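User: I am new to reading protein models and would like a close look at one part. Could you walk me through the disulfides?

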Amino acid sequence: MSVSSYRHLALACLTGCLVACTAGAKEKRPPAPSTPAKTAAPPRSTPPPDAFARDMIEAHNQARAAAKPTPKPALPPLQWSAEAAKTAEAYAAQCTFEHNPHRGTLGENLAAASPGAWKTQDVVKDWNAEAAHYNLSKNSCAPGKVCGHYTQLVWRNTTHVGCAKKTCTKNSPFGKEFPTWEFWVCNYAPPGNFVKQKPY
């Protein structure tokens, strides 16, 4: 099978894998509380250490700036958290495409694709594309769709993000036929997606 066919298959599978993950088939985190729990002090802001971090911050903040309907006041831009990035990196290294049950008070978005299928900003753009299925006034997602990645992106009270990427050769969500895959993990502080609360 050609590389281009592999990429097409991987991206086609991605939607199903993300739906399963966020719908609960692979999800192992406890249900979100109805009110935010008390959390530790926000993580220290650190300058993005490299191009990957800069691209992630830029893509997240572009999504927040473009949120519709327009938030009033505007959503504050996210800052990079070395602590959240460290958590994301440690979990990405495990190459397990399901939510990290030991991430503490951090929110989390995951993505997977075949090698080279996406650039860094494409991952965030894919999460942000869920906006098309989300109704802010009703705080609801279209039937059969996933919106939780998007609502975490635009959660007003989230101030920091840290992300990691890992090329994996085990536990492929695309099956044994395609053992090599790329895994992205982003962790957010404070976390979003609290039950019955709108993102902004």
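Analyst: Here is a walk through the disulfides, one pair at a time.

This is a predicted model, where local features need pLDDT of at least 70 and side-chain atom pairs count only at pLDDT 80 or more, while totals for chains, interfaces and linings use all residues. Residues are numbered from 1 along each chain as its sequence is written, and side-chain values use heavy atoms, leaving out hydrogens and water.

A disulfide is a covalent bond between the sulfur atoms of two cysteines; here the term is given to a pair of cysteine sulfur atoms within 2.5 Å. The structure holds 3 of them.

Let's begin with cysteine 95 and cysteine 168, whose sulfur atoms are 2.2 Å apart. Cysteine 95 sits in the loop between helix H3 (82–92) and strand E2 (107–113), and cysteine 168 in strand E5, so this pair ties together parts 73 residues apart in sequence. (Helices, H or I with at least four residues, and strands, E with at least two, are DSSP runs numbered from the N terminus.) The link is left-handed, with -85 degrees about the S-S bond. Cysteine 168 is buried at a relative accessible area of 0%; buried means under 20%, exposed over 50%, and partly exposed in between, with a 1.4 Å probe and protein chains only.

Next, cysteine 141 and cysteine 147 have sulfur atoms 2.0 Å apart. Cysteine 141 is partly exposed at 29%, whereas cysteine 147 is buried at 6%.

Finally, cysteine 163 is joined to cysteine 186, S to S 2.1 Å. Cysteine 163 belongs to strand E5 and cysteine 186 to strand E6 (residues 181–189), so parts 23 residues apart in sequence are tied together.
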